[in-house]
Amino acid sequence: MAPSRKPSNGRSPIVNPQRQITAFFSKTTTPSPSPSPTLSKKQIPKSHTKPNPNPSSRTQSPSSSPTTPSPVQSKPKKPLLVIGQTPSPSPSKVGVYGKEAVERRVRVYWPLDKSWYEGLVKSYDDESKKHLIQYDDSEEELLDLNNEKIEWVEPCVKKFKRLRRGSLGFRKIVLEDDEMENVEADNGGAGGGSGGDDSSDEDWGKNAEKDVSEEEDVDLMDEEEADDGKKGKRGGKDSRKRKASGEGGKLDLGKKGKSGGDASTGGVKVSVVEPVKNKEKRFSTREAEKFPFLGRERRDAKRRRPGDVDYDPRTLYLPAEFAKSLTGGQRQWWEFKSKHMDKVLFFKMGKFYELFEMDAHVGAKELDLQYMKGEQPHCGFPEKNFSLNVEKLARKGYRVLVVEQTETPEQLELRRKEKGSKDKVVKREICAVITKGTLTEGEFLSANPDASYLMALTESSQSLANQGLERIFGVCVVDVTTSRIILGQFGDDAECSSLCCLLSELRPVEIVKPAKMLSSETERVMVRHTRNPLVNELAPLSEFWDAERTVQEVKTIYKHIGDLSASGPLNKTDLDTTNLNVGEYRPSCLPSILLEFVNKGENGSLALSALGGALYYLKQAFLDETLLRFAKFESLPCSDFCEVAKKPYMILDAAALENLEIFENSRNGDTSGTLYAQLNHCVTAFGKRLLKTWLARPLYHLESIKDRQDAVAGLRGVNQPMMLEFQKVLSGLPDIERLLARIFSTSEANGRNANKVVLYEDAAKKQLQEFISALRGCELVAQACSSLAVILENVESGRLHHLLTPGKGLPDILPILKHFKSAFDWVEANNSGRIIPHEGVDVEYDSACEKVKEVESSLARHLKEQQKLLGDKSITYVTVGKEAYLLEVPEHLRGSIPQDYELRSSKKGFYRYWTPSIKKFLGELSQAESEKESALKSILQRLIVCFCKYHDKWRQLVSATAELDVLISLAIASDFYEGPACCPTIVGSSLSSQVPCLSAKKLGHPVLRSDSLGKGAFVPNDISIGGSGRARFILLTGPNMGGKSTLLRQVCLAVILAQIGADVPAESFELSPVDRIFVRMGAKDHIMAGQSTFLTELSETALMLSSATCNSLVALDELGRGTSTSDGQAIAESVLEHFVHKVQCRGMFSTHYHRLAVDYQKDSKVSLYHMSCQVGNGVGVEEVTFLYRLRPGACPKSYG
């Protein structure tokens, strides 16, 4: 036989995993293991198919559904590998074969595999007298056919119609055995994929023997199926190596399967693969025939039909007869799926996640996975691609249910023996539910600093005598990536203005609400002011808990956390923590924010109920305890628009955020050209998130604004080099805030991090690298803040002194970092993926090491005793194979050896023994080393628990750094203005008789610049509104495109800049704080909310009229354009009259109704201005040149 045929265990490490997966979901009968004779020519019917090398192959049971052709793939396929099962063909007569055998098909018997393999004789070498055989799996081998057991294959006379060259809808005709399935090797050899990393398993070509042994760990079939899967497999190590390297890593393996085609004889079937267009049709036809309970007969788990009250589309009723017809593996999958019909199942099988039935269609469509061959929709991907694929689906709005394997085949076998279990498949459990709002890691998430909020919302309403209907909302906003929970309850008007503001600011990616409990107006607002969030409806009370149930559940969780902390694996260190503020868990105590809402009674019940809805939802995703353990609770600021004077922030409602383009532009919804983009010079992800918060809530109180202005000013001038160096150091930081949250979540193993979950990727190494990254990041931040603290000698800002003084705003974390620095070598641990603690760090590890040293010392003393006893100092210990501490004694001393010595081995001139004492010491040494290894495995977990005890300090460090980053960003932003910039003068309105003012000289635009305007430069203007002896309202006229809307926007943006503490693009700027900005601008409708242009205009104006105060700023652009001229003019005049004489707020009103200018010409409370232009005589027409200058008086005429 050829020398390339090395001994094989009969199981190919490439072929078997996918065979098991398909066998797992294929109900077939067990084939007879006995060989069967080959069909003779006379037995071949008219179909003229080729002789079957394995006619005893598995056949379908009568109850099986009809077979169908396999789905077509876009990539061309290599020839299928025909794998025989038993040595059935009889050998041909031995003869002398030469060139006449070339181009003939031959079947070769491999005795080690006990299988026949078919191929084509490609050529003949006269010198070696050997033929080159190309097998059907494209492998080649030189053989002397005269010395081989072979059988010649007679050619078929069946003729097939020629397919047109280049036809994309068809693939070539292939011959396949009943025992074959097509492995789509483009996805790592197990279940579809789209090239790239999915093309092959990198380890297969490197560690062949390791893969063969690991094969046992992924054997997930029923026992009968597993026995079948071990037969007739070609290759072993040689086969795998040839395919992995010779085929460039792309595998195309034959595998057990079912295929269509009417022509069949002796188990051989001819499969003509159907057009690509037929795939979906074929699958849908099969689903309709095999799963009628998914169609018209569909019911939920409680047998309610669609349309019935309380019908739950998330569940499915499985008929008893269907469940009985399933194998153990099929039943396991359907049990999970029937309870989670709204989710895509990632079903773990060995090293791969598999998608079956309806989920396979999602995988093929959204993840570009390849369908597996067979009648059942099926695809999958390797474990290493989990994060990538789960993030793709979650971001596209899918809910992903992760079902992990929690038992190895060995543990299954042990359970069957010890407990008498009859299970044939390993245990699997739900370990995660991943959606837009519960995604905690991924490539896009790492690149995108914006928070992905999950919002739980509930509502009640009450009628007020004078004000009509008042809505009351309870809101819980969760950022899972940072463990941040924001709670609030607020009253709202009939148009849900407060809720609109909140939704526009946060843009939640996922919403949790009680089913059929929200009003129609609230539902419309959610559609209008969000960006396609994933909406989840929970059953009221049972799932969306009320306040009482929520408090009870939260207390239970905190009690459980307290119990775990008391008995958990806390690391015993020599670190003195007496002076450190270590966070402790008090089981009976709720966080202070929750206690406030509990004490409010009815005024906090809806907020607590919203928290209950969020917690129930997160509980299904195994995130409830993880989140609450280190949750950062906050009260929802600025949610209620009542008592504005008491609030520390200016209010920017939804209309203001959108019309002023604070976060999103009106062109495509991204950040380019927005105020946020103009100010965003932050270098940290957590700084960028804080800047968004500051922009959404500008300060209102005078002292707060001046305090922030002083901090920004203190970072300029002589301190600018240190400021820039600080930014340079921080620019390489990861997102420490999210990184810390992930580390906190791993302090207790649960979900996919649970110890029982079987993972083949090195999850512990990744966890260790993240832990070291967090330590390095915190150390870097602490050093940067310490370096920046030198500027405190030159600044008087109280805020900067607070942020940069250790023990105040900046936590003193140097002793903690010093401990972790001395605990282990960070560089070595990061490279090796293993922590070796330094002495004195871990008591458990030190104790184990001490035991090892004691035993080794005892062995050394014992050696000296033996040398003394036998009188030869050359006696020493040696290690042979796995046997250590063998006493090697010279041959001449053999007569002096005591009788109780055990001879283990010998070599020329020496004998090796174990004494009774050595055997005893070896037992003790083995136990001590086992304890040492166990301590090493748990050292990371103990260090993380120790790290998490100081969670408050790590968070405080991130918070201080984020604020410094944003202050520096504001200090830099003024350098990017065009023209002069100044620090605004904020004037307090201490006296009730004092008139609020707004005055600017040469006011520019913070975003628009000359380079973006094309020809010409931006024209600054002087503007004055309010103040002593000045009108509070400006009535602005002028031609279209004259700059009216731009002027309104730049004034509003300048006010926002002034109140967040930034500089303003003007020579001078004086301002009395504004409590709220109202903006009505542009003509637009809200079709999804059922509002026309005119209705939208009136709704926004009505909100202004009812909510504006004397400290508000109103910007109205061409009010009344949505209706007839007469009606529009009447509306405009009435609204202007109300603001000027009743509300008496500051404002700007642009209009084309020149009648208004005439009416208010003599009103001292209104100033008439217009945007000037120059009219010249053109050729036959008047030419208008826009000057963009703000001039006193009304526009002399209308220019259209």
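1. A quick word on terms before anything else: a residue is called buried when its relative accessible area is under 20%. With that cut-off, Gln1050 counts as buried because its relative accessibility is 2%. Keep in mind throughout that this is a predicted model. Gln1050 belongs to helix α32, and its contacts beyond the sequence neighbourhood (residues up to four places away left out) are Leu1003, Gly1004, His1005 and Phe1018.

2. Next, the sheet that goes with α32. Four strands make up an open sheet in the order β25-β29-β26-β27, and the pairing is mixed. At the edges sit β25 (985–986) and β27 (1021–1026), each with pairing on one side only. Helix α32 (residues 1044–1059) packs on this sheet and touches β25, β26 (997–1003), β27 and β29. The direction of α32 makes about 80° with that of β29.

3. Staying with the edge strand β25: 2 bridges join β25 to β29 (residues 1068–1071), and the two run parallel. If you want a register to check by eye, Thr985 stands opposite Glu1070 in β29.

4. Now for the hydrophobic side of things. The largest nonpolar core contains 116 residues, and Phe1069 and Ile1077 have the most contacts inside it. Helix α30 (residues 951–973) supplies the largest share of this core, 13 residues. A second core, separate from that one, has 55 residues, including Leu318, Val433, Phe597 and Phe633.

5. Phe1069 deserves its own point. Leaving out residues up to four places away in sequence, Phe1069 touches Cys982, Pro984 and Thr985, then Leu998, Ser999, Ala1000 and Leu1003, and finally Ala1054, Val1055, Ala1058 and Val1064. Thr985 is thus a contact of Phe1069 as well as the residue opposite Glu1070. Leu1003 turns up twice too, touching Phe1069 and Gln1050.

6. Over to the earlier part of the chain. Strand β1 (residues 105–110) is mostly covered, with 5 of its 6 residues buried. β1 is joined to strand β2 (residues 115–125) by 6 bridges, and to strand β5 (residues 150–153) by 4 bridges. Both pairings are antiparallel. For landmarks, Val108 stands opposite Ile150 in β5, while Trp110 stands opposite Ser115 in β2. The β1–β2 hairpin has 4 residues between the strands, and Lys114 in this hairpin takes a positive phi near 55°.

7. Is helix α12 (residues 497–506) enclosed or open to the outside? All 10 of its 10 residues are buried, so α12 is largely enclosed by the rest of the structure. The buried set includes polar side chains, among them Ser497, Ser498, Ser504 and Glu505, alongside others such as Leu499, Cys500 and Cys501. Right after α12 comes Arg507, which has a positive phi, near 45°.

8. Last, the aromatics. There are 33 aromatic pairs in the structure. One cluster is formed by Phe291, Phe293, Phe322, Trp333, Trp334, Phe336, Phe347 and Phe356. Two arginines are worth a look as well: the charged end of Arg752 sits over the ring of Phe386, 3.8 Å from its centre, and that of Arg894 sits over the ring of Tyr911, 4.4 Å from the centre.

Note on methods:
Residues numbered from 1 in each chain as written. Predicted model: local features only at pLDDT ≥ 70, side-chain atom pairs only at ≥ 80, totals over all residues. Heavy atoms only, no water. Buried < 20%, exposed > 50% of the residue type's maximum accessible area, 1.4 Å probe, protein only. Pairing = 2+ DSSP bridges. Phe/Tyr/Trp six-rings, centres within 6.5 Å; stacked < 30°, edge-to-face > 60°. Lys NZ or Arg CZ within 6 Å of the ring centre and 35° of its normal. Contact = heavy atoms within 4.5 Å. Axes fitted to C-alpha atoms, helices over the stretch in contact; angles between N-to-C directions. Core = buried A, V, L, I, M, F, W, Y, C linked by side-chain atoms within 4.5 Å.
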